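Grab a viewer and work through these exercises at your own pace. Try each task before you read its solution.

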Amino acid sequence: MIYKIPSEYSELANAVKEEIPHALKEASETDSANSFPEKTLQNLKNSNLLTACISSDFGGKNLGLKVGSNHALLIILKLIGSGNLVVGRIIEGHYNAQFLIDRFGTLEQKKRFAKDSLEGQLFGVWNTQAEDGVTLKFEKGRYYLNGSKTFATGSDYVFRPIVTATQKKGTWQMCVVNLDEVAALTESEWWNPMGMKATRSFKVTFKNTPVAENNLLGKNGDYYKQPMFSGGSVRFSAVQLGAAEILLAETILYLQKLKRTEDHFQKVRIGQMRILINSGNQWLKSAADNMDLFMGDPSAQNSALLLDQSNMVRTAIDEICTEIMKLCQQCIGARGLNKPHHFERIIRDLTTYLRQPAPDHCLLEVGRFALGDQPQEKRSLIKTLKKWINLR
């Protein structure tokens, strides 16, 4: 696949491409909940990937922050996912946090958190919870967090997570928690997944954990503001498509090594995989175009178009990845699912990563948009997603 992105981001994309073989190797070595892809993350950090989504006013490169940069953003995330889905998940969460800070942060917060990122701090967004979800209380002139978050990606490595906490009227307040300065209980035994093990998506519990007032990000309810809340799903879809792309590339190499490329059935399956991957790339390009359109003109119409496009992209890439995994396994057979081949791990990781909240509702919204149907009683996608996040 030929990637045409603005020259100002080509160095970032090339750095990720060069890292893919090393990332694949480390992914195999760190396929455990007790591990973390430290080398790959350090290499990406050295290539300025962790600060790319910060405004140039504060030392970043405006990736995903200006018109014309969104396709480069999605390509870079896809390339990271090709090397290691775990790293892709961590970087996507880090970028998500940077976008929220850029959108809702004060000037002082933007400067301070940009400095933290430039100094190597990993950010993330921890929003998923069960019955013991996180609350924010104000007592004796200070704010305190209590309760637990699940799927807290990057536990013990992410020291600047944005933690959503219930305050008044059941709305969520975003809090940037300086975990290198305050205590929180990490429960690693909670995390025992089929794939994505090294994301360290543990359960984290806060007990009267203090949060400085100048670490409260935005206002109550800002986290769920559309269209960027649901529109952000295209970023993790890009990471997922990267894994599908590497499955195709690795399948071709596997068949070449075994000299099975003349088999007609293998040619048919490879042809199907190529069409699926090219379709996925077209979806990403279309998503980037809609993101650019909204950035240039944030009207209600463009907001609706971005939401609709995001729902379609997420649904389409989920289906593409699922079909790619099926065709890959048919091509390689039982022998290919043995280590040291990467197929088995990538398929486990991708299967796990695809399980995002409320997939059926996204497809429902695509149909509603086409039919011009409006949910009764203003029953929004936000409420449904919040429910699914809490039950996840």
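**Exercise 1. Cavities**

Task: How many cavities of 30 Å³ or more are there, and which residues line the largest cavity?

Solution, step by step:
- This is a predicted model, so keep that in mind throughout. The count comes to 4 cavities of 30 Å³ or more.
- The largest cavity holds about 80 Å³ of space.
- Its lining is made up of C53, I54, S55, F58, Q98, I101, D102, K110, F113 and A114.
- Sort that lining by residue class, and you get 6 nonpolar, 2 polar and 2 charged residues.
- Now look at the helices: α4 (85–104) and α5 (107–118) each supply at least two residues of this lining.

**Exercise 2. Nonpolar cores**

Task: Which residues have the most contacts inside the largest nonpolar core, and which helix gives the most to this core?

Solution, step by step:
- The largest nonpolar core has 91 residues. Those with the most contacts inside it are L63, I91, Y95, L145, F206 and L247.
- Helix α7 (residues 233–257) gives the most to this core, namely 12 residues.
- Another core lies apart from it, with 15 residues, among them V125, M174, L217 and F229.
- Zoom in on I91 next. Leaving out residues up to four places away in sequence, I91 touches L41, L44, L50, L77 and I80.
- For background, nonpolar side chains tend to be buried together in soluble globular proteins.

**Exercise 3. Aromatic pairs**

Task: Are the rings of F151 and W191 stacked or edge-to-face, and what parts does the pair tie together?

Solution, step by step:
- There are 12 aromatic pairs in the structure.
- For F151 and W191, the ring centres are 5.9 Å apart and the planes sit at 80°. Planes over 60 degrees apart count as edge-to-face, so this pair is edge-to-face.
- Then place the partners: F151 is in strand β3, while W191 is in the loop between β6 (185–187) and β7 (202–211), so the pair ties together parts that are 40 residues apart in sequence.
- W191 has a relative accessible area of 9%, so it is buried.
- Try the pair Y254 and F343 in the same way: with 5.8 Å centre to centre and 85° between the planes, it is edge-to-face.
- Y254 belongs to helix α7 and F343 to helix α10, so this pair ties together parts that are 89 residues apart in sequence. Both Y254 and F343 are buried.
- To finish, pick out one aromatic cluster, formed by W172, Y223, Y224 and F229.

**Exercise 4. Backbone oddities**

Task: Where does a cis peptide bond join K339 to its partner, and is K140 buried or exposed?

Solution, step by step:
- Start from the usual picture: most residues other than glycine have a negative phi, and most peptide bonds are trans.
- A cis peptide bond joins K339 and P340, with omega about 15°. P340 is in the loop between α9 (300–336) and α10 (343–353).
- Q226 and P227 are joined by a cis peptide bond too, with omega about 10°. P227 sits in the loop between β8 (216–217) and α6 (228–231).
- On to phi: K140 isn't a glycine, yet its phi is near 55°, a positive value. K140 lies in the loop between β2 (135–139) and β3 (142–152).
- The relative accessible area of K140 is 82%, so K140 is exposed.
- D156 isn't a glycine either, and its phi is positive at about 75°. You'll find D156 in the loop between β3 and β4 (158–166).
- At a relative accessible area of 40%, D156 is partly exposed.

Conventions:
Residues numbered from 1 in each chain as written. Predicted model: local features only at pLDDT ≥ 70, side-chain atom pairs only at ≥ 80, totals over all residues. Heavy atoms only, no water. Helix = DSSP H or I, 4+ residues; strand = E, 2+ residues; numbered from the N terminus. Buried < 20%, exposed > 50% of the residue type's maximum accessible area, 1.4 Å probe, protein only. 1 Å grid on protein atoms, 1.4 Å probe; cavity = no way out; pocket = protein on both sides within 12 Å on 5 of 7 lines; lining within 4 Å. Points joined across faces, edges and corners; volume = space filled by probe spheres on them. Nonpolar A, V, L, I, M, F, W, Y, C, P; charged D, E, K, R; others polar. Core = buried A, V, L, I, M, F, W, Y, C linked by side-chain atoms within 4.5 Å. Contact = heavy atoms within 4.5 Å. Phe/Tyr/Trp six-rings, centres within 6.5 Å; stacked < 30°, edge-to-face > 60°.
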